[in-house]
Amino acid sequence: MNKLVIIGSTSSICRNKVFHNLNTINVFEKIYCYGWEDWTTIDFIYYLCNKVQGQVSNLIDKIEFIHGNYNDYDTTLLNIIDEGTVIYVSTPPCCYYEVLKFNKNNPNKTETAKFVFEKPFANSFAEYKILKPMIQDNVYIVDHFLYKTDVLDVIEEYKNIDLEYFKISFLYSEDVEHRLGYFNKTGLFKDMFQSHFLAVLYGIIGNKVEELLDANIVYNIRKQYSQYGGDSDVDTYFNVELHTENCKYVFESGKYLPDKRYMKVNNNEYVINSYENEYSLFFKSLIANKHKNLIQRQDKFWKIHDCLQKKIKTTQTFDKY
């Protein structure tokens, strides 16, 4: 059995998905929950039982809370890491450098552990270039989109097949008012396109994804719903259409719109359902050494992202809807 360390254990993704998923699998014998809160383990278990979505009863006896800061891992974590330990980092990207430095500076202790970072891995291409030299062989990125069952099926069906048309559209009815701190720093395009959508496309066409850098831009727009409570230049919707010599690519996502999530490849359309087992599949794949790590592909994804961000076809202030 293995240990799991969760840095940023009170993040929204942990609260809404990760703990519920961990409750359904039995691959970790101990789960250390690391946070900045001045809590005891009893305090954290109370939080877990009262604030986290879904069942967590199978986790209670495995949990231990560790109080620490973003840069004191040598004193708080080093002694509990051994072979088979997974360190899952669910913090904002501004905290990633210190975790990567901790890993790089302690090779004799951490080299057999696995460090897993949530996307986006950095807030910009420039920031990614600072993090890139710190990436070791035991560093991974998690993209739960690649563990959506319906997405996996589409990737498997079309992998290495020539495409004439590709569209991925994820529209969500909920707003992001409870996540304004995060959204004001990222926006939906950065949150969805450069990690999720390009990762899915890469799963199908591999390195051909670089063709998007020279594609003809047909649409490249950003919008924001009118009730958004954050900054006026933050996008909550985007629509990008790119044409290469052989294929048309469409990427669309939005918040506060009627729910509809689907992919269309060539002439076939596929509904993408919301299953609750994405992180269960991810952690089982990681422990079994079957996880396909895309962290070294972030160069390509950021280049495409930045190219399109510089060529947005909207006014200075984003359109409202």
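This is a short dialogue about one strand and one pocket.

Student: What kind of model is this, and how are residues numbered?
Tutor: The model is predicted: local features need pLDDT of at least 70, side-chain atom pairs count only at pLDDT 80 or more, and totals for chains, interfaces and linings use all residues. Residues are numbered from 1 along each chain as its sequence is written, and side-chain values use heavy atoms, without hydrogens and water.

Student: Why is E10 called a strand?
Tutor: Strands (E) are DSSP runs of at least two residues, numbered from the N terminus, so residues 248-254 qualify as E10.

Student: What makes E10 mostly covered?
Tutor: Six of its seven residues are buried, meaning under 20% relative accessible area with a 1.4 Å probe, protein chains only.

Student: How do you know that E9 and E10 pair?
Tutor: Pairing takes at least two DSSP bridges between two strands. E9 (residues 237-243) and E10 have seven, in the antiparallel sense, so they pair. One bridge joins tyrosine 237 to glycine 254. Four residues lie between the strands of this hairpin.

Student: Which way does E7 run against E10, parallel or antiparallel?
Tutor: E7 (residues 165-171) runs parallel to E10, over seven bridges. Isoleucine 168 stands opposite phenylalanine 251.

Student: Which helix gives the most to the lining of the second largest pocket?
Tutor: H7 does, with four residues. Helix H8 (180-205) also supplies at least two.

Student: What makes five of the lining residues charged?
Tutor: Asp, Glu, Lys and Arg count as charged. The rest of the lining divides into seven nonpolar and four polar residues.

Notes
Buried means under 20% relative accessible area, exposed over 50%, partly exposed in between (1.4 Å probe, protein chains only).
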